[in-house]
Amino acid sequence: MSTTFQLDTSTSRANPTPKPRKRLTVPRIRDHKKDGQTKEPLVMLTAYTARQAQLLDTHCDILLVGDSLGQVIYGLDSTLPVTADMMIAHGAAVVRGSYHSLVVVDMPFGTYEGSKEQAFETASKIMADTGCAAVKLEGGEAMAETIAFLTNRGIPVMGHVGLTPQAVNVLGGYAARGRSQQEHDKILRDGKAVQDAGAFSLVAEGVIEPIAIALTQSLEIPVIGIGASAQCDGQVLVTEDMLGMFERVPRFVKRYEDIASVIDKTVAKYAEEVRDRSFPTAEQTYQPKS
């Protein structure tokens, strides 16, 4: 038994809640793929708050505290301004709000590329301050030495190849990768390098489907696709995208709901009732005791 602070949905407050921890572990995620095959794909979504984590936890194998929070939470125009402190604050909230899923936290731009030692300092602080099980970093062959350095020191790493948003300025945009033979070969080399360095899994983002399939089939670790292929070992999406919080829908996203419209209609009804004084009623106010 362990005690953590978990949101109590009956009170909207965080209370000490004793509950056995039965989280999925890094070895269990890695071993999800046996002899190069995955029977049931891994389910992964982004999460940034304790309540969001609660709602997703039952259905997901992995919750990713993605640096996409820069755009969907903070309204930034890219992931580049995201800081380690931002990731830690949200990562700790997601860990508090979940019991089942493996929690992975993105390492933000500029906090790990400088040296292996810089990467270890950032990753160890993220893990210590959040309680997450692993970190994710972008890059293939160029980051293999860093991945090996981290994993050899007890820090599980999820890799990320293909379209790497932190390198958007070098790539020249967010277009799908792998349309040339040179890019095709590089993505496969990157995936192999990340695996050989000790990563337990890999995100393949924005790559043309034949490469995603070839990458998945060539690696022994799970390959989690986003804008890749249904034949990957799992899938990940930004939760706000699949819930329909934004008007723009990227090609690789399926909008499962239109939550933005639900919020708009609900708030409009609230505003109407405030303005015509039909809210609050006696049911929402405190009356003198008779």
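Trainee: Where in the chain is the place of Arg-277?

Mentor: This is a predicted model, so keep that in mind throughout. Arg-277 sits in the segment after helix 11.

Trainee: What makes Arg-277 count as exposed?

Mentor: Its relative accessible area is 76%. Exposed means over 50%, so Arg-277 qualifies.

Trainee: What is the sign of phi at Arg-277?

Mentor: Positive, at about 60 degrees, and Arg-277 is not a glycine. Most residues other than glycine have a negative phi, so that is worth a look. Asp-35 also has a positive phi, about 50 degrees, without being a glycine. Look for Asp-35 in the loop between helix 1 (26-30) and strand 3 (42-46).

Trainee: How do you know whether Asp-35 is buried or exposed?

Mentor: Set its 76% relative accessibility against the cut-off: over 50% is exposed, so Asp-35 counts as exposed.

Trainee: Back to the segment after helix 11. What kind of peptide bond joins Phe-279 and Pro-280?

Mentor: A cis one, with omega at about 0 degrees. Pro-280 lies in the segment after helix 11 (259-275). Most peptide bonds are trans.

Trainee: On to the helices. At what angle do helix 6 and helix 8 pack?

Mentor: Helix 6 (residues 144-151) and helix 8 (residues 181-197) pack at about 20 degrees, and their axes are 8 Å apart. Angles under 35 degrees count as roughly parallel, and that makes helix 6 roughly parallel to helix 8. The crossing of helix 6 past helix 8 is right-handed.

Trainee: Which residues in helix 6 meet which in helix 8?

Mentor: From helix 6 you have Ala-144, Ile-147, Ala-148 and Thr-151, and from helix 8 Ala-193, Val-194 and Ala-197. That contact divides into six nonpolar residues, one polar and no charged.

Trainee: What makes residues three or four places apart point the same way?

Mentor: An α-helix has 3.6 residues a turn, so residues with that spacing face the same way.

Trainee: And which residues of helix 6 are buried?

Mentor: Ala-144, Thr-146, Ile-147, Phe-149 and Leu-150. Their cover includes helix 5 (116-130), strand 7 and helix 8.

Trainee: Now helix 8 and helix 9: at what angle do they pack?

Mentor: At about 30 degrees, with the axes 10 Å apart. That is under the 35 degree cut-off, so helix 8 is roughly parallel to helix 9. The crossing of this pair is right-handed. In the contact, His-184, Ile-187, Leu-188 and Gly-191 of helix 8 meet Ile-211, Ala-214 and Leu-215 of helix 9. Here the split is five nonpolar, two polar and no charged.

Trainee: How does the reach of helix 8 fit what is expected at 1.5 Å a residue?

Mentor: Helix 8 has 17 residues and reaches 24 Å from its first C-alpha to its last, close to the 24 Å expected. Gly-198 follows helix 8, and its phi is positive, near 115 degrees.

Trainee: Which residues in helix 8 are buried?

Mentor: Ile-187, Asp-190, Gly-191, Ala-193, Val-194, Gln-195 and Ala-197. What covers them includes helix 6, strand 7 (157-162), strand 8 (201-205) and helix 9 (209-218).

Trainee: Why is Gln-195 called buried?

Mentor: Its relative accessible area is 16%, and buried means under 20%, so Gln-195 makes the cut.

Trainee: Which residues does Gln-195 touch, not counting those up to four places away in sequence?

Mentor: Leu-219, Glu-220 and Ile-221. Gln-195 and Leu-219 are 24 residues apart in sequence, yet 7.3 Å apart in space, C-alpha to C-alpha.

Trainee: How do you know that Lys-136 is buried?

Mentor: With a relative accessible area of 3%, Lys-136 falls under the 20% cut-off, so it is buried. Lys-136 is found in strand 6 (residues 134-136). Leaving out residues up to four places away in sequence, Lys-136 touches Leu-64, Val-104, Val-105, Asp-106, Met-107, Met-158, Gly-159, His-160 and Val-203.

Trainee: And what percentage of the residues of the chain count as buried?

Mentor: 47% of the 290 residues. The chain has eleven helices and ten strands. Among contacts between residues at least 6 apart in sequence, 55% join residues at least 24 apart.

Conventions: Residues are numbered from 1 along each chain as its sequence is written. This is a predicted model: local features need pLDDT of at least 70, side-chain atom pairs count only at pLDDT 80 or more; totals for chains, interfaces and linings use all residues. Side-chain values use heavy atoms; hydrogens and water are left out. Axes are lines fitted to C-alpha atoms, for helices over the stretch in contact, and angles run from 0 to 180 degrees between N-to-C directions. Helices (H or I, at least four residues) and strands (E, at least two) are DSSP runs, numbered from the N terminus. Angles under 35 degrees count as roughly parallel, over 145 as roughly antiparallel, 65 to 115 as roughly perpendicular and the rest as oblique. A crossing is left-handed if the near helix is turned anticlockwise from the far one by less than a right angle, and right-handed if clockwise. Contact means heavy atoms within 4.5 Å. Ala, Val, Leu, Ile, Met, Phe, Trp, Tyr, Cys and Pro count as nonpolar, Asp, Glu, Lys and Arg as charged, and the others, Gly among them, as polar. The expected span of a helix is 1.5 Å times one less than its number of residues. Buried means under 20% relative accessible area, exposed over 50%, partly exposed in between (1.4 Å probe, protein chains only).
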